[in-house]
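Student: I would like to go through this model with you and ask how each label is earned. Shall we start with the overall layout?

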Amino acid sequence: MLKTFDIVLIGVMTAMASVTYTIKHRAELKLEEVHRLESEIKLERDTIDLLKADWALVSQPNRLERLVNNYNGELQLQPTLSTAIVQPSELPMLRSQLPPPTVTASNDPKSGKAGGAKSGASVASSNGDTTDAQIRKAIADVAAAPAPRPKPPALAKRKKPDVDNMATGSVRE
């Protein structure tokens, strides 16, 4: 009986040793993964610091002022006026927010006249709400007007900037 008990204990001890080895091996693999992730995080932080330094260099006011002066003829930049900035509440309504035009009973389909349908502006002005009617009319006029086409810049006069570093895109003056 003692020999059977010894064999069972040896089997249990071998199983515990293999379980302990497996746990130790998994812990070492996790530790290696932690070190790899820490090195990746350090690399990313270094890259972020480098990009911040490059951005600080690129966005220096003195450098931007020199670039504006050099390319002012081509770009024709103008400072933004404080009166040109509007609040979202000052923007006109969207076309989907406008009320639909109303149709009166005096519509005569045989005559082909378009006088029977009133627009939202004429209905509003007949009710005495002239500011709302004027706004809606102005919105309709702007929506119906074609958009102005910008003049193409002169391509022959453009100079290509000298690039110091293609990875960062920094420009040499």
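Tutor: Gladly! This is a predicted model, and its protein chain has four helices and two strands. From the N terminus on, the elements run α-α-α-α-β-β.

Student: How many of the residues of the protein chain count as buried?

Tutor: Of the 173 residues, 6% count as buried; the cut-off for that word is under 20% relative accessible area. The accessible surface of the chain comes to about 15600 Å², of which 63% belongs to carbon and sulfur atoms.

Student: What makes lysine 24 and glutamate 28 a salt bridge?

Tutor: Their side chains meet at 3.4 Å, N to O. The rule asks for a Lys or Arg side-chain nitrogen within 4 Å of a carboxyl oxygen of Asp or Glu, so the pair qualifies. Lysine 24 and glutamate 28 are four residues apart in helix H1, so about one helical turn separates them.

Student: Why is glutamate 28 called partly exposed?

Tutor: Glutamate 28 has 38% relative accessibility. Partly exposed lies in between under 20% for buried and over 50% for exposed, so the label fits.

Student: How do you know that arginine 36 forms a salt bridge with glutamate 40?

Tutor: The closest N and O atoms are 2.8 Å apart, and the limit is 4 Å, so this pair passes too. Arginine 36 and glutamate 40 are also four residues apart in helix H1, about one helical turn. Arginine 36 is partly exposed at 40%, and glutamate 40 is partly exposed at 40% as well.

Student: Lysine 42 and aspartate 46 meet in a salt bridge. Is lysine 42 buried or exposed, and why?

Tutor: Lysine 42 has a relative accessible area of 53%, and exposed means over 50%, so lysine 42 is exposed. Aspartate 46, at 38%, counts as partly exposed. The N to O distance between the two side chains is 3.2 Å, and they sit four residues apart in helix H1, about one helical turn. By this rule the count comes to three salt bridges.

Student: What makes Leu2, Phe5 and Leu9 a nonpolar patch on the surface?

Tutor: Together they have about 330 Å² of accessible area. Take leucine 9, which is in helix H1 (residues 2-58). A patch residue needs over 30% relative accessible area, and leucine 9 has 44%, so leucine 9 clears that cut-off. Leucine 9 is still called partly exposed, because 44% is not over 50%.

How values were computed
Residues numbered from 1 in each chain as written. Predicted model: local features only at pLDDT ≥ 70, side-chain atom pairs only at ≥ 80, totals over all residues. Heavy atoms only, no water. Patch = residues over 30% accessible without salt bridge, like charges linked within 9 Å, V, L, I, M, F, W, Y side chains within 5 Å. Areas by Shrake-Rupley, 256 points an atom, 1.4 Å probe, with all protein chains shown as cover. Buried < 20%, exposed > 50% of the residue type's maximum accessible area, 1.4 Å probe, protein only.
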